[in-house]
Amino acid sequence: MNNTIKFKIDGKEIVAEKGKTVVEAAHDNGVYIPTLCNFPGVPPKGGCRMCTIKINGRFMTSCTTPAAAGMEIESNTPEINELRKSIIELLFVSGNHFCPACEKSGNCELQALAYRYQMMVPKFPYSFPVKEVDASSPKIIKDQNRCVLCQRCMKTIKTEDGERYFAFENRGNNLEVILDPELGKKMSDEIAKLAMDNCPVGSIIQKEVGFIEPIGTRKYDKVAIGTDV
Amino acid sequence: MKEKILEIISNYNKDKTRLMDILHDIQSIAGYVDAESIELLHKELGISASQVREVISFYHFYSSEPLGKVNIYLNDSVTAIMHGREAILETFEKECNVKEGSVSEDGQFGLFHTSCIGMNDQEPAAIINGKMFTRLTPYRVKEIVKDLKSGKDIKELIYEGDGGGRNALPGIHSMVCNNIRRRSALLTHDYTPFDVTKKVLANTSPEAIIDVVEASNIRGRGGAGFPTGMKWKFGRKAVGDHHVIICNADEGEPGTFKDRVILTEFPELVFEGMVIAGYAVGADIGLLYLRYEYKYLLNYLNGILADMRSKKLLGNGINKIEGFNFDIRIQLGAGAYICGEESALIESLEGKRGEPRDKPPFPVERGYLNYPTVVNNVETLALIPKIITKGSDWFLGLGNKASAGTKILSISGDCNYPGIYEVEWGTTIKDILDMSGSLDVQAIQVAGPSGALIGEKDFGRQISYTDLPTGGSMIVFGKERDILNDVVMNFLNFFIEESCGSCSTCRNMTSVLKERFTKILNGRGVKSDIDDLLNWSELLKVSRCGLGQTAANPITSSITNFRHLYENLIQKDVVFDTGFDLEESVKASCAAVGRQPILHNM
């Protein structure tokens, strides 16, 4: 039985295993679709909308859409690239993202996406929200100024019993991802490092190691995000 | 207290998918969900305390902070404001000695705003300790507060008498009125409850039932308009250990209240519709998701279900049909507009935050607890027994070609006769305005804030799936209304308040639009601001669900149809203005240091 399917992204033929999502199939075939909230190994949630594509004229998120034979997908088009740039700008103005002072600079996916999509100054007005920094855990800092609410930490950082260290609080534009105070106190170094590494931005920072790797030698300091695809 | 909380948790078998009920029960005995209860839920349900708080903080009517002994939730829909909400609020604040959004110092009264509570035809209205109070006046407010202070029970505070029809039944005992102004296919009393279940199902195959529904061309009445027969067919075909029928009674679109009236006067139609759907789809689980605002109907509706069970119209072997096992449970919501979206509703039914799911998969493939699930609107299900009884041709004879049957409209605002109107699809807006006694109309909001604001040039258009689709909300605005300040701003705030926040565009874009819109209202707008509003609104179309995708509609449809209102406000001969007000921005610091700034060139 044939276990592969074929479809097209921007005219290019993609051969993919059945059951893969569009973004997985694209990346397997060397076609880059930008993602932010998506994380390998956990169910996608279509939260950031960065991976938006057009299938038969309809906007869909490629992290949540299963690849299907015969799909005609638009991705790297002026319309969709402009839209992705707008989403990045929107994320910048709705938080307080001050790259020069951030431990994650150079390793930050939001910053890297902004470079890749050539954001200069966001077209939207800055909102400068008043946000808190939670440093109550001995291991990590949870900085709400920088959180893009991608849910990666919520989905990947769990106790052995499956309880989540991180959870949503409130809703709408009051929404925040908070660290469970009790679990935060008992956090191990390994979990703290994993939480920092899985965070695409500088919202989760492991204490005392933020600048161990010098700026200038970090992941996106020399190559654009997506070049490994 | 600890024993009582543990008892509640064990009443639901420590099942975390029943968290909604558990929180309701805790709140009903403790007033709010305190830290100790959260800790117990953490231990007993195997989820972190933050995961419990995650759910509590999502829903408007749950609280992890102490509330008042008496809690007043005052509706802030646009119609409430048009009918004098401000005076009602002032009176409550004065009489209860409490500011909106807080609890009085003595802990006696909590006063909060809330999104549309489905009483637009009898505003201003408020929910006080779960009981509905409508047509409020400052006089009545004083009276109510005085009696509450004297220790009277909430049930004794209704002096208006019960509203008409079944609102007077002891199970409801409410002052809410039905205001049925026009009856057609659904609202006429030509129905013998459960006749279809008793006489038709035993000798008709599930496939044949679906055929009739499909032939009738009935489409979903909630707004999206998906063909009901097709949905049932998909549901029947989908493979799963269980199949589920959900009745969506989370009627939250501001301005709509028809499901409230159907559930009050015709619950048998709704429940029988669910039984028929269960038979057709092969479902064994039935769920009705009732919005919290309609809690006053809960006991009454549960009473009808109990009666159905005793008559073997629910349960195992319904009407002696072998293998037809189907029962219905009512799930009470807790205040979230987004839960009207079917996948968010399912998340809520599973005891989680009501965040929409990504589609595919659609609920018919994987819905409630991942079982194939058919979600239908109250009105859709209530039409089913009549379609089965009278046949698909009867139904096709009503309405127009694209849209078969009738639609129940909830009409409110500046009209002489607000209420429920059942009309055939194809009726024009002009006829709707005329029949409801709407004079000197400036605009009408068709299908609620997520629909369209239209003016006179469009009054010849028809309600139809191919012209003006609607879930039924119609709000009329007279000539004297300030469309931008009062209407569009109210709707914008509504979308900001009710966004779940889980996708980036809906969470952030509505606030950005509000900032720019406010700039125009403040007289600081320039022409490019109008263009920005239109262009930026496009970004919302990539949002995950219908709420996000339509959240800019108040802006875009008011610019499209009432552009002159915007143009009157923007500055002529000015091409750029930051909108920044230096004087206002330094006001607080000036006051603190007691100095006046010298502002140049302002």
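## Chain A at a glance

Of the 229 residues in chain A, buried ones make up 45%. Keep in mind as you look around that this is a predicted model. Chain A has 7 helices and 10 strands. Its radius of gyration is 18 Å, close to the 17 Å from the globule rule for 229 residues, so chain A is as compact as a globular protein of that length.

Measured out along its principal axes, the C-alpha trace of chain A spans about 50 × 45 × 35 Å. As for how the chain folds back on itself, take the contacts in chain A with a separation of 6 or more: 64% of them are between residues 24 or more positions apart.

## Where chain A meets chain B

On the chain A side, 35 residues are in contact with 32 residues of chain B. Which elements of chain A each bring at least two residues to the side that touches chain B? They are two strands and two helices by name: β4 (58–61), β8 (166–169), α2 (78–94) and α5 (181–185). The largest share comes from α2(A), with 6 residues.

In terms of chemistry, the residues on this side of chain A split into 15 nonpolar, 11 polar and 9 charged.

## A covered helix in chain A

Now for α3(A), which runs over residues 109–116 and is mostly covered, with 7 of its 8 residues buried. The buried ones are A:E109, A:L110, A:Q111, A:A112, A:L113, A:A114 and A:R116, so you'll find charged side chains on that list as well.

What lies over these buried residues? The cover includes α2 of chain A, along with α7 (219–222) of chain A. After α3(A) comes A:Q118, with a positive phi near 55°.

## The antiparallel sheet in chain A

Chain A has an open sheet of 3 strands, in the order β6-β7-β10, and the pairing is antiparallel. Its edge strands are β6 (133–134) and β10 (204–206), each of which pairs on one side only. Between β6(A) and β7 (residues 140–143) of chain A there are 2 bridges, in the antiparallel sense. To find this pairing in the model, start from A:D134, whose bridge partner in β7(A) is A:K142.

A helix packs on this sheet too: α6 of chain A, residues 189–198, touches β7 and β10 of chain A. The direction of α6(A) makes about 140° with that of β10(A).

## The parallel sheet in chain B

Over in chain B, there is an open sheet of 4 strands with parallel pairing, in the order β9-β8-β7-β10. The edges are β9 (327–332) and β10 (373–377) of chain B, and each pairs on one side only. How much are neighbouring strands of this sheet turned against each other on average, direction ignored? The answer is 20°.

Strand β8 of chain B, residues 285–290, pairs with β9(B) in the parallel sense over 6 bridges. One spot to look at is B:G286, which has B:I328 in β9(B) as its bridge partner. Packed on this sheet is helix α13 (residues 298–310) of chain B, which touches β8 and β9 of chain B. The direction of α13(B) makes about 170° with that of β9(B).

Methods:
Residues numbered from 1 in each chain as written. Chains lettered and ligands numbered in written order. Predicted model: local features only at pLDDT ≥ 70, side-chain atom pairs only at ≥ 80, totals over all residues. Rg over C-alpha atoms; globule rule 2.2 N^0.38 Å. Buried ≥ 20, exposed ≤ 12 C-beta atoms within 10 Å, placed from the backbone. Contact = placed C-beta atoms within 7 Å. Nonpolar A, V, L, I, M, F, W, Y, C, P; charged D, E, K, R; others polar. Pairing = 2+ DSSP bridges. Axes fitted to C-alpha atoms, helices over the stretch in contact; angles between N-to-C directions.
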